[in-house]
Every structure is written in structure tokens, then in C-alpha cells.
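Let's take a friendly walk through the packing of this model. Have the sequence and the 3D view at hand as you read.

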Amino acid sequence: MAQGYDFSGSAREWQRAGRVIPGGVNSPVRAYGGVDEKPVLIASGQGCRITDIDGNEYIDYVGSWGPLILGHAHPKVVAAIQTAAQRGTTFGAPTLAETDLAERIVKAMPSIQKVRMVSSGTEAVMTAIRLARAHTGRDYVIKMNGCYHGHSDGLLVAAGSGLAEHSTPSSAGVPRSISERTIVAEYNDIPGVERAFEEYHGRVAGLIVEPIAANMGVVLPDPGYLKSLRQLCDYHGTVLIFDEVITGFRVAYGGAQAVYGICPDLTCLGKIIGGGLPAAAVGGKAAILDLLSPLGPVYQAGTLSGNPLAMAAAITTLDVLGETDSYQQLETAGSQLQAGIEKAARKTGITVRILRAGSMMSCYFTDRPVRNLTDVKSTEIAMFKRFFSGLLRNGVYIAPSAYEALFVSLAHSPEDIHKTIEIICKVFQSIRR
Ligand SMILES: *Cc1c(COP(=O)(O)O)cnc(C)c1O
């Protein structure tokens, strides 16, 4: 393997794509803007391995950015999709599978009494925010800097000059009149949230947070952080929204809320609950969910919402996750990888800090604690870029950005992890200064 990697087909095809698709990609992070490589185009995947169009093979730790907890082309998921496809791919009418999936979600997460299916995490969050506003009759939303909640207008907002009241759009095309309604606090900063609640007293409809942050790299909540958010929301009559699009069915079957024992009012799900197809959901207290049309005044709809293929893939994925000691296996694989990387780092004199929640983790090149976006930004990004290039050219595929998580799946065997650690050790040797 190794030095023989040739990416000429990908280079050529990415150029061709760029003539008809902006940046040659349909989601920006795929364009490798955060590293010193060109995107590779993927031809196929099987288990924990993917193959690019030049025939290079990789052990995959992206897993389509989270959904593929069973690995690529799991035989049961493929069979379920095939069976569903033969019966027709979409009807725009209710089907049994939607209720079957909803029942599984309600059973998995005690905070969820009712759930509405949508097609992307972005939609799930949009709907959750609209519900929080309708339920409270208020306009403002608190979010945390570095947490990602999809690409809807109101959530593409960054902290301004460090003051909560000065949030600004983080994308062109977002009107200030919309971004103004979002207040940004730092992750793991309770006094900052308290200040926001004081400043906007009686006007905060919802507080949205990734209970374990995974979109600035993995950042764990400080002990008591989520509990304090719960208490503040209770005190101020604000809807607490957990965005578990990544963590739901990932860190535990019941999500991060099961791990930390905190009950949010609304939960956003996505990624794993699509089983590799486009499906997502917003769930929570029946009193809030029943505000949705057709029962209530909150409009929300979707032509392909709850479509049979996604429902089949999702149900099968959840059933496979539920039937064995899956989460123990994922924890074992995750801790094996973490321990192996840490050992390789010690051996080669590289400074790393790994933050991990079960099968998702980030490898930061720093010797300092990482508790928020500022900490992540102060890690050695240049080192990450060399790490990424070394891995890519030696058959290990991780997210092409220092601000993303790495995912282990049930398809990663102890041998796969072992092989990965060997490669990482070799790469560490080559990138140390
Ligand atoms: C991926 C993600 C989203 C957006 O989901 P899409 O399906 O990409 O729209 C929202 N929130 C979190 C926490 C996510 O990880």
C-alpha cells in the first residue's frame, strides 16, 4: 500500500464535477478545504472499508459523517432497502414503517412521547425551533458557539465580539433581522448562558445544544453542564432542545440524554436514524409535538418525509443495534483505538489529546484541555493537516478537517483497529519535527 497511492482519476473527475457543481461537491466539507489534499471520489464501500475511483482502499473512519454505525452496505440493511424498493419507493401517504420506526424511537428515549419524521437534520432543527417559539410565544434562541445545527438561517450565526448580544450571521445571505434572534454563548460556559437569560429575560423561546459537541471536533460537556442548562430552562420557561443528530443511537441507544440522565423537552435526530438514507426526526413532549399541523397551528411538511426506503434502512439499523451487545462492542473498539493512538504518540514523541464518547472521538494536537471552540482553534491545525495527508496516503480515511469527529463502526474488527494503529504510528514518525 502506502506510497503507491495514485489519485489522478479523482483529480480529473473532481475537475469535471467542478464545471457543473459549485466546488465540485454537494456539501462543502467534502471539498477538503481544511487540508492540503484534493478530494478523493469514492466508488464503493463494504464493512469498514471504502475504495476510491483510482482503486485505492481505505479503512474508513468517516462513516458518511456519522450515519453508518453498522458500516457500509450492511447485508441486512441492503436487503431491507431492496425489499422496500420492490414495493414502491414513495407514496405520499402513511405507511406502517413510519409508525414502526416512531415506536422504536419513543421506546429508546423516554423524553420522546411523539416524533415527526423529516428528511434531514437541518429540517429537524428548523422544526424544533419553530415548535419552541410556538409553545412559548417568544422569539429568541440561545445556541452555543461551535455547535452545528444544520444550515437554516437562524442557526448560521457566530458569536460577535464575545458579547452575547452581538451575534452576527456566519453566512452571506442571512438577514441580520433573523440572526438577531439567536444569542450565542460559549460551550461549557454556564455564566455566559445566565447572562444571556438575564439580558433577554422572558424572551428566550428555546436553548439548543449538542449534549456532546461533535461539530467542532468532539468536545465533552463539563460535569453538571447539561444539568445546569436543564435547570436554567426550567426556571426561565424555555424549551430545552438537545440536538442529538450525531449522538442519538451513537453514544448509547438512548443517546447522550441516556448517558447523562437529562431529559430535554425536544430532541433532534438524524444521521443514524436514516440507516444511511435521508431521514431525520424531531421528537419530544406530546404537548409540544401536537402543536404541529394538522393538529396544531405550526406548519411543517415534506414530500418524502418518512419515505419507505429510509424507514426500512432505519428500522433495520436500530434493530441490529438493539439486538446484541453493540454498544459494549463500540466502546471496546473506541477505547482500543484511543489507547493505540496515545501509545503511538508516546512512542514517537507526538503530543495529542483525545476526546472520546464511545465510538466517536477527536484527536487534537495540543497539551491543553479542550472545552470549547476557542480551545479547539488553538490546537495545532498544521499538525492535523500533515496527519490527515499521511493517513490518506497510507490507507486510513478520516474527516478532512481538524474540526470534525472520527467514527468507529460495528464493522471495525480488532484487527482493523490494530492495523489502523500501526499506520498511525508510522505517520506520527513521519510528521514529527
Ligand atoms: C449533521 C448535523 C446536523 C444537520 O443534519 P443534516 O442532515 O446534514 O441536515 C444538525 N445537527 C447536528 C448536531 C449534526 O451533526
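In this predicted model, the largest nonpolar core has 44 residues. Tyr61, Leu337, Phe387, Ile398 and Phe428 are those with the most contacts inside this core. Six elements each supply at least two of its residues, and they are listed here:

| Element | Residues |
|---|---|
| Strand 3 | 57–60 |
| Helix 11 | 326–348 |
| Strand 14 | 360–364 |
| Helix 13 | 381–392 |
| Strand 15 | 396–397 |
| Helix 14 | 414–431 |

Which element gives the largest share of this core? That is helix 14, with eight residues.

For a closer look, try Ile398. Leaving aside residues up to four places away in sequence, Ile398 touches Tyr61, Val62, Phe384, Phe387, Phe388, Leu391 and Leu406. Another core, of 41 residues, lies apart from the largest one and includes Ile142, Ile183, Ala196 and Leu207. As a general point, nonpolar side chains in soluble globular proteins tend to be buried together.

Now turn to helix 3, which runs over residues 96–108. Its 13 residues reach 19 Å from the first C-alpha to the last, close to the 18 Å expected at 1.5 Å a residue. Which residues of helix 3 are buried? They are Leu101, Ala102, Ile105 and Ala108. These buried residues cover an arc of only 130° around the axis, so they sit on the same side of helix 3. Leu96, Glu103 and Lys107, on the other side of helix 3, are exposed. The cover over the buried residues of helix 3 includes strand 4 (114–118), strand 11 (266–269) and helix 10 (308–323).

Methods
Residues numbered from 1 in each chain as written. Predicted model: local features only at pLDDT ≥ 70, side-chain atom pairs only at ≥ 80, totals over all residues. Heavy atoms only, no water. Helix = DSSP H or I, 4+ residues; strand = E, 2+ residues; numbered from the N terminus. Expected span 1.5 Å × (residues − 1). Buried < 20%, exposed > 50% of the residue type's maximum accessible area, 1.4 Å probe, protein only. Arc of directions from axis to C-beta. Contact = heavy atoms within 4.5 Å. Core = buried A, V, L, I, M, F, W, Y, C linked by side-chain atoms within 4.5 Å.
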